[in-house]
Amino acid sequence: MNIPLLDGCFVFDNSSLEKFQSCPYEYYLSQWQRRISTENRAGLNFGSACHHVLRYRYLNCDSKECFWPPHYEAITSILEQHFLENPEPPGDYRNLNLAIEWAAAYNNTYKIEPFEILKLKDGKPMIERSFMRPFCAIVWDNKPTPLIPLSKGSQEWINKNGGSAMWAERLKKQGYIPVFFTGRIDLAITDTTGDWILDHKSAYQFGSNFTADMMSSPQFIGYAWEFKQYYGHLPAGYIINAFRPRSPVKNAAYDTSLLWRTTGKDPDFIRLQKHISQQDLDEWEQNTFSLLEEVMYHYSRGTFGKHKKSCVGKYGKCQFYELCNEVAPEYRDAYLAGANFMDNTWSALNKPEQRKEPVT
Ligand code: SF4
């Protein structure tokens, strides 16, 4: 078992740590072995398509009114390209047509945004900004060794000396493994109440559990931590820009306005907001640090334990259910390498740059 390194550095993101907390073995298979199931990706696929459209919408129209006719063709072309490269499973309702109708409904719901998009240091708008921020260092001694937190002095040194690459090189020369926190912030905005991080979420269902999940998710506190490192001050909090694809109701084939509810008691577009404090950031930092120590503990033991209670969760079976529960141990390596799985190539760092998107 080898620790996966990127140019000699260990890189983690929020979703990898979420997997680790759910089941260390799932984390190991998906993040270290880099294999994920080819099945049940319709929801994720649809969410990715929407992210591409929102990137286009905010890059081209900022927070101003996005007149639909001049942009219809470009947005349709983005969606067509996405579904051509990533077709939905046969018969699944989260398809190209639903996505086109979603784009129109979203645009109608949020014609003019009540905020301004914040600018990056180079003057560009902060839209889908990937980051890779020094977090701590690993001393590897073939046994569990406490991780070394990033001191205030190190952070100041990084800022003063032009970045994290030099910090990483310096650590590597001293025999350490630099650890980076990575992610992608969908939008950073400002309104009359302060600066906010805004994250787009395609939701399976809305309700009290979804709200509670979003209000307690470490993902956005991590983004706020990064926001503070970048801008030097804490944001007021985060906003979840959520939408809910539903199985089409009767008659939706004849009346596409039934596909997306934009008004009424239970709309398919909602925004949730949460304030955060410095204590939230401190707690996130400590907790993340502890989780990374746990990851290294498993690595030092040469085994990532199976949390069998997570084999079936709120969204159904784990992607490795058959592998862990139905395939005999001696065939598991071959099964994992087979057609039911594919390479996990996702990275917060590379996706936006890989796409060619029309800009009007
Ligand atoms: S099937 Fe169960 S044991 Fe296997 S990776 Fe998933 S949660 Fe872990």
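In this predicted model, Trp102 touches three residues from beyond its immediate sequence neighbourhood: Cys50, Phe243 and Trp260, with residues up to four places away in sequence left out of the count. Trp102 also belongs to the largest nonpolar core, which has 42 residues. Trp102 is among the core residues with the most contacts inside it. The others are Val53, Ala99, Ile197, Ala224 and Tyr238. Both helices and strands build this core. Helices H3 (42-61), H4 (68-85), H5 (96-109) and H9 (218-231) each supply at least two of its residues. So do strands S6 (176-191), S7 (194-202) and S8 (237-243). A second core is separate from this one and has 30 residues. Phe12, Tyr27, Trp167 and Phe181 are included in the second core. In soluble globular proteins, nonpolar side chains tend to be buried together.

Helix packing was examined next. Two packed helices are described by the angle between their axes and the distance between the axes. H3 packs against H5 with axes that come within 10 Å. The two axes cross at roughly 40°. That angle makes H3 oblique to H5. The crossing of H3 past H5 is right-handed. On the H3 side, the contact uses Phe46, Ala49, Cys50 and Val53. On the H5 side, it uses Ala99, Trp102 and Ala103. By residue type, this contact divides into seven nonpolar residues, with no polar and no charged ones.

H3 also packs against H4. Here the angle is about 150°, and the axes lie 9 Å apart. Angles over 145 degrees count as roughly antiparallel, so H3 and H4 are roughly antiparallel to each other. The crossing of H3 and H4 is right-handed. H3 contributes Ser48, Ala49, His52, Val53, Tyr56 and Asn60 to the contact. H4 contributes His71, Ala74, Ile75, Ile78, Leu79, His82 and Phe83. The residues of this contact divide into eight nonpolar, five polar and no charged. Ala49 and Val53 of H3 thus appear in the contact with H4 and in the contact with H5.

Attention then turned to a strand residue. Thr182 lies in strand S6. Is Thr182 buried or exposed? A residue counts as buried if 20 or more other C-beta atoms lie within 10 Å of its own. Thr182 has 20 such atoms within 10 Å, and is therefore buried. Thr182 and Ile148 are 34 residues apart along the chain. Their C-alpha atoms are separated by 18 Å.

Key
Residues are numbered from 1 along each chain as its sequence is written. This is a predicted model: local features need pLDDT of at least 70, side-chain atom pairs count only at pLDDT 80 or more; totals for chains, interfaces and linings use all residues. A nonpolar core is a set of buried Ala, Val, Leu, Ile, Met, Phe, Trp, Tyr and Cys residues joined through C-beta atoms within 7 Å. A residue is buried if 20 or more other C-beta atoms lie within 10 Å of its own, exposed if 12 or fewer, and partly exposed in between; C-beta atoms are placed from the backbone. Helices (H or I, at least four residues) and strands (E, at least two) are DSSP runs, numbered from the N terminus. Two residues are in contact if their C-beta atoms, placed from the backbone, lie within 7 Å. Axes are lines fitted to C-alpha atoms, for helices over the stretch in contact, and angles run from 0 to 180 degrees between N-to-C directions. Angles under 35 degrees count as roughly parallel, over 145 as roughly antiparallel, 65 to 115 as roughly perpendicular and the rest as oblique. A crossing is left-handed if the near helix is turned anticlockwise from the far one by less than a right angle, and right-handed if clockwise. Ala, Val, Leu, Ile, Met, Phe, Trp, Tyr, Cys and Pro count as nonpolar, Asp, Glu, Lys and Arg as charged, and the others, Gly among them, as polar.
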